Amino acid sequence: MSSFLYYALPAMGGYTLLSLFFLRWPRLLHVPWNTAFRCQLAAHRGGSGERLENTMEALENSMAQRSDLFELDCQLTQDGQVVVSHDENLFRQSGLNKNIQDVDYEDLPLYREELEVYFSPGQFARGSDRKMVRLEDVFQRFPQTPMSVEVKVEDDKLINKIATMVKHFGRSEITIWASEKNSIMKKCHAANPEMPTSFTVTRVIWLLLMYYGGLLPFFSISERFLLCFLPTIINRLIMRKSLIRHLEERGIQVVFWCLNEESDFEVAYGLGATGVMTDYPTALRHYLDNHPQEPNQNSSDR
């Protein structure tokens, strides 16, 4: 036993030092991703705390606050139109208890006059624009604005339509694939591999296991964005500055969602996050204008 410890302890010590060294200086092993844009302010559902979610009015309002990214969810109508909607079912948004896939685009109902802000219970958003928009219309109106497009259902037709549309508008570098599920993300990436991807839930678990096991510096990472839910206590405990710094050094942007209070903004940027996703882009813009963040540009390409 003593002879085993004689060799094992120095080996473990050497491994630990090597892991910590490359955790701090990962560019000695990996060429960082060079993304076409940097996201400090992301508008959740287009800025759903200030205008009705995912409407053109909400997007215009968020753009007025110099949002770096629109976070959007997509569904497919009965007649094959890709629309921007968080929910598959229309009831919460409009009062009509039907799935979007069972309604033609022209027959979609208007949004309710006010909608509760999910991450700010008791707060309601209102707006004069109550029309559900097509993804194509959003791409046409904001051709240079980066967007995260989340696919929630394993629908090959929806995925392929989004991929084709992104290619048609020449915006593959500024449109992020997002999904919680690995199976969906694999199909998304296959449909348009030029679009950057974000971590799925399974991949976040892998990331944390590799980090806490000391193995993360020695593995390649294909994702370019970590869009991570921060409000829960456990996430605030497991998300460490050293992990976020490591990802940043590798060109992987870390954006925490969905944060709507200044105290939460401070926590996220204090951890070293690239950006914050919020329902209230005006509040976040005010915070950023009064608390300028130090940019971390990646000069290397990949």
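## A buried threonine

In this predicted model, T200 has a relative accessible area of 2%. Buried means under 20%, so T200 counts as buried. The residue sits in a loop, with helix 6 (182–191) on one side and helix 7 on the other.

Which residues does T200 touch, leaving aside its neighbours within four places in sequence? They are S179, E180, K181, N182 and M185. Two of these residues come up again below: E180 is among the residues nearest the centre of the largest pocket, and M185 is among those closest to the centre of the second largest pocket.

## The nonpolar cores

The largest nonpolar core is made of 32 residues. Within this core, L207, L226 and F256 have the most contacts. At least two core residues come from each of these elements: helix 7 (201–212), strand 8 (225–229), helix 9 (241–249), strand 9 (253–257), helix 10 (262–270) and helix 11 (281–290). Which of them gives the most? Helix 7 does, with six residues.

L226 can serve as an example. Apart from neighbours within four places in sequence, L226 is in contact with F199, V204, L207, M239, L247, I252, Q253, V254 and V255. There is also a second core, separate from this one, with 29 residues. L72, V138, M147 and W177 are included in the second core.

## The largest pocket

The largest pocket has a volume of about 550 Å³. Its lining consists of 29 residues, and those nearest the pocket centre are E180, L227, C228, F229 and W257. Strand 2 (69–76), strand 6 (147–151), helix 7, strand 8 and helix 8 (233–238) each give two or more residues to this lining. Helix 7 and strand 8 also supply residues to the largest nonpolar core.

How many residues of each class line the largest pocket? The lining has 16 nonpolar, seven polar and six charged residues.

## The second largest pocket

The second largest pocket has a volume of about 280 Å³. It is lined by 16 residues, and M185, H189, T197, S222 and E223 are the closest to its centre. Helix 6 gives the most to this lining, with four residues.

By class, the lining of the second largest pocket has five nonpolar, six polar and five charged residues. One of the residues closest to the centre of this pocket, M185, is also in contact with the buried T200.

Terms used: Residues are numbered from 1 along each chain as its sequence is written. This is a predicted model: local features need pLDDT of at least 70, side-chain atom pairs count only at pLDDT 80 or more; totals for chains, interfaces and linings use all residues. Side-chain values use heavy atoms; hydrogens and water are left out. A nonpolar core is a set of buried Ala, Val, Leu, Ile, Met, Phe, Trp, Tyr and Cys residues joined through side-chain atoms within 4.5 Å. Buried means under 20% relative accessible area, exposed over 50%, partly exposed in between (1.4 Å probe, protein chains only). Contact means heavy atoms within 4.5 Å. On a 1 Å grid over the protein atoms alone, a cavity is a set of points where a 1.4 Å probe fits but cannot get out, and a pocket is an open set with protein on both sides within 12 Å along at least five of seven lines; lining residues have an atom within 4 Å of a point. Grid points are joined across faces, edges and corners, and a volume is the space filled by probe spheres set on the points. Ala, Val, Leu, Ile, Met, Phe, Trp, Tyr, Cys and Pro count as nonpolar, Asp, Glu, Lys and Arg as charged, and the others, Gly among them, as polar.
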